[in-house]
Amino acid sequence: MEILGERNKLWYEVRNPYDEECDFCRKLNRIYGQNFNESSYILPQGSGKGYLTRIIPEKSMDVTIYDFTFYNRLTMEERVNDENCRISFCLADPFEWSVEGDERSFSLDRDESCIFSGDFIHSTGCYESGCRYQGSGVSLRPDKYAAIVEAFHSAQMVTHIKKMPILYKKYKITPSVKGIVQQIINCPYRDLLKNIYIEGKIL
């Protein structure tokens with residue numbers, strides 16, 4: 001993981017402001033601080049149920065899939081310095097979050113998606129006890145996937161975090177897109193074939 005403050009470097013860090021020893025945050029920092037082809041975390045029985053998996057089908061694409069429930073409310077601060085275009089899909093209970101510099105709170109509800117521009121981001125999210133959080137996140141390098149990223153920008157579909165106040169844009173997930181996201185989550189393959197399958201579904 002890169003040193004905080006070096007804004008020209010790519011890095012990712014999460015922390016629980018109420019629990020510096022939070023196992024979930026510690027495991028996420030480890031997963032995103034490494035560049036393994038696939039890394040997973042299964043919630044321990046005492047804290048919740050479910051999993052989070054990070055997959056790197058190829059070096060310019062990063063995919064996260066998750067399906068978990070916490071037994072106790074968890075607050076997580078996220079600091080990201082990332083030039084990539086990020087797409088989030090929510091398939092279950094809504095997720096609420098806020099961004100440093102904007103007093104409002106935002107939510108991504110069931111069957112909604114949002115596209116974010118790459119930038120330095122400091123956000124805070126809350127996971128409520130008993131809620132099911134399921135979905136996927138896709139991160140694309142703008143130099144490798146320039147045509148896709150430019151199409152998002154040309155259609156004015158992108159939420160720019162660095163522009164205050166934030167003009168938050170989110171979209172209903174169509175049945176066809178939802179089917180693709182579920183196929184990615186339930187991918188039946190492993191190793192190289194899994195990478196090819198997921199990359200093909202995203203593109």
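By class, the second largest pocket in this predicted model has a lining of 15 nonpolar, 2 polar and 2 charged residues. That makes 19 lining residues, and Ile 87, Phe 89, Phe 152, Val 177 and Ile 202 are the ones nearest the pocket's centre. The space inside comes to about 410 Å³. Helix 3 is the top contributor to the lining, with 4 residues. At least two residues each also come from other elements, including strand 6, helix 2 and helix 4 (191-202).

Ile 87 is worth a second look. Besides sitting among the residues nearest the pocket's centre, Ile 87 shares with Val 63 the most contacts inside the largest nonpolar core, a group of 21 residues. Setting aside neighbours within four places in sequence, Ile 87 touches Cys 114, Ile 115, Ser 136, Gly 137, Val 138, Leu 140 and Phe 152.

Here are the elements that give two or more residues to that 21-residue core:

| Element | Residues |
|---|---|
| Strand 4 | 61-70 |
| Strand 6 | 85-90 |
| Strand 11 | 133-140 |
| Helix 2 | 146-154 |
| Helix 3 | 175-185 |

There's another core apart from this one, made of 18 residues, with Cys 25, Leu 52, Phe 68 and Leu 74 among them.

Now for a hairpin. Strand 7 (residues 95-99) runs antiparallel to strand 8 (residues 105-108), and the two pair over 4 bridges. Glu 96, for one, has Ser 107 of strand 8 as its bridge partner. Between the two strands lie 5 residues, and Gly 101 in this hairpin takes a positive phi near 100°.

How values were computed
Residues are numbered from 1 along each chain as its sequence is written. This is a predicted model: local features need pLDDT of at least 70, side-chain atom pairs count only at pLDDT 80 or more; totals for chains, interfaces and linings use all residues. Side-chain values use heavy atoms; hydrogens and water are left out. A nonpolar core is a set of buried Ala, Val, Leu, Ile, Met, Phe, Trp, Tyr and Cys residues joined through side-chain atoms within 4.5 Å. Buried means under 20% relative accessible area, exposed over 50%, partly exposed in between (1.4 Å probe, protein chains only). Contact means heavy atoms within 4.5 Å. On a 1 Å grid over the protein atoms alone, a cavity is a set of points where a 1.4 Å probe fits but cannot get out, and a pocket is an open set with protein on both sides within 12 Å along at least five of seven lines; lining residues have an atom within 4 Å of a point. Grid points are joined across faces, edges and corners, and a volume is the space filled by probe spheres set on the points. Ala, Val, Leu, Ile, Met, Phe, Trp, Tyr, Cys and Pro count as nonpolar, Asp, Glu, Lys and Arg as charged, and the others, Gly among them, as polar. Two strands pair if DSSP finds at least two bridges between them.
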